[in-house]
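Hi there,

Here is the structure I promised to pass on. Have a look at it first, and my notes on the side-chain contacts follow below.

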Amino acid sequence: MQELTEAFKTLGDPTRLRILRLVGEARLNVSEVVSLVGVAQSSVSHHLTRLKALELIREERQGGFTYYSLVVDEKAPLWPLIRLAKNAPDEHGDLARLTDLLRRREDVHTLNEKLLEPGQSWRLWAAALASLLPPLDLVDFGCGTGVLTVELARWARHVTAIDRSATALHKARVEAERLGLHNITFLEANLEALPLKSGAYDLVVLSQSLHHVESCERVLTEGARLLKPGGRMVVLELLPHDEQWVRSSLGHRHLGFEPEALRDAMRAAGLEAPTLVSAPRDVASPFKAFLLTGTRAVSQSLPAPAALRKSPLGTSAS
Ligand SMILES: C[S@@+](CC[C@H](N)C(=O)[O-])C[C@H]1O[C@@H](n2cnc3c(N)ncnc32)[C@H](O)[C@@H]1O
């Protein structure tokens, strides 16, 4: 009876049932489940742990990923419950998204086979190329938990890492200390109005932070203001996508950007010659990234405050 009570408790959650049905259809990793059900990764991991504890699903490691699949079959005592979950109406369109994901995953396998060549250690290559740079003073806009910040701090002279989340900054600080990096100043502030000196930095980095902010124009203008003449801004952003769930689950205010519109916004913020680098990424992901870089002109007065200019990106819908 105790076992049955636990089973009902575990299965008495609609998201968990959706996940169970999905891993019953295909072996999936956590990121894939996140993209299919549209809830935060921590929550998906929790649901998977509960399903594993009930021995309904199994976990296997392959190629750096952990995959989950259903283990119970038609002879198992809990099968009638699983069958109900499998046959329930697909109100969220999970199965259609799964079909799409599996189709795109086949493309990735084909691509990976073509690319199975030495020299694909991109992280190492990035570090090697970065080591050729002069020591720079840089600002990391929206550093989050500092994954990128610590990589930047390995070669920069100094990194000012800014975020409005005290929790994220705490994690970033702990990670920097663990790695023995002492050239980072963490700052809790709003990217739209920063208490930092104008014209004092060589590089401003915005990695996936712009889609979180209310006014991209104000943030880009702040970035441009901080740069020395000739200083550079690098923006890594997402192409437009339709994953509405990221608004409520991850706090995104913009569902990606048209690179041209962002390039115009960089120009309007006072950056010259913005250059676009498109990077075809994991084709199974709905999130595709691109890079824009721009330079603060050597002789240039600061742009007008963003609020006075017309926005090429529109306002964010929250
Ligand atoms: C997706 S994370 C990016 C983390 C990191 N840059 C990376 O690439 O791994 C976006 C971060 O921007 C921060 N953020 C969003 N809007 C902000 C604002 N107006 N001022 C300061 N930080 C902000 C969020 O708190 C979050 O930590």
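Glu260 and Arg263 form a salt bridge in this predicted model, with their closest N and O atoms 2.5 Å apart. Both residues belong to helix α12 (residues 259–268), where they are three residues apart, or about one turn of the helix. Their surroundings are worth a look too: Glu260 has 42% relative accessibility, so it counts as partly exposed, while Arg263, at 18%, falls under the 20% cut-off and therefore counts as buried.

Salt bridges with shared partners also connect Arg18, Asp94 and Arg97 in one network. In total, the structure has 14 salt bridges, and here are two others you may want to display.

Glu222 pairs with Arg225, and the closest N and O atoms of this salt bridge are 2.8 Å apart. Helix α10 (residues 216–226) holds both Glu222 and Arg225, again three residues apart and about one turn of the helix. Glu222 and Arg225 are both buried.

Arg154 makes a salt bridge with Glu151, and here the closest N and O atoms lie 3.2 Å from each other. Glu151 has a relative accessible area of 26%, so this residue is partly exposed.

Now to the rings. How many aromatic pairs does a search of the whole structure find? The search returns two. In one of them, the ring centres of Trp245 and Phe287 are 6.2 Å apart and the ring planes meet at 70°, which is over the 60 degrees needed, so the pair counts as edge-to-face. This pair links distant parts of the chain, with the two positions 42 residues apart in numbering: Trp245 is in helix α11 (residues 245–250), and Phe287 is in the loop between β9 (271–278) and β10 (289–296). Trp245 and Phe287 are both buried.

There is a charge over a ring as well: the charged end of Arg27 sits over the ring of Tyr67, at 4.5 Å from the ring centre.

Finally, the cysteines. A disulfide is a covalent bond between the sulfur atoms of two cysteines. How many disulfides does the structure hold? The count is zero. Among the cysteines, Cys143 has 8% relative accessibility and so counts as buried. Cys216 is buried as well, because its relative accessibility is 1%.

Happy to talk any of this through once you have had a look.

Best wishes

Technical notes. Residues numbered from 1 in each chain as written. Predicted model: local features only at pLDDT ≥ 70, side-chain atom pairs only at ≥ 80, totals over all residues. Heavy atoms only, no water. Phe/Tyr/Trp six-rings, centres within 6.5 Å; stacked < 30°, edge-to-face > 60°. Helix = DSSP H or I, 4+ residues; strand = E, 2+ residues; numbered from the N terminus. Buried < 20%, exposed > 50% of the residue type's maximum accessible area, 1.4 Å probe, protein only. Lys NZ or Arg CZ within 6 Å of the ring centre and 35° of its normal. Disulfide = S-S within 2.5 Å. Salt bridge = Lys/Arg side-chain N within 4 Å of Asp/Glu carboxyl O.
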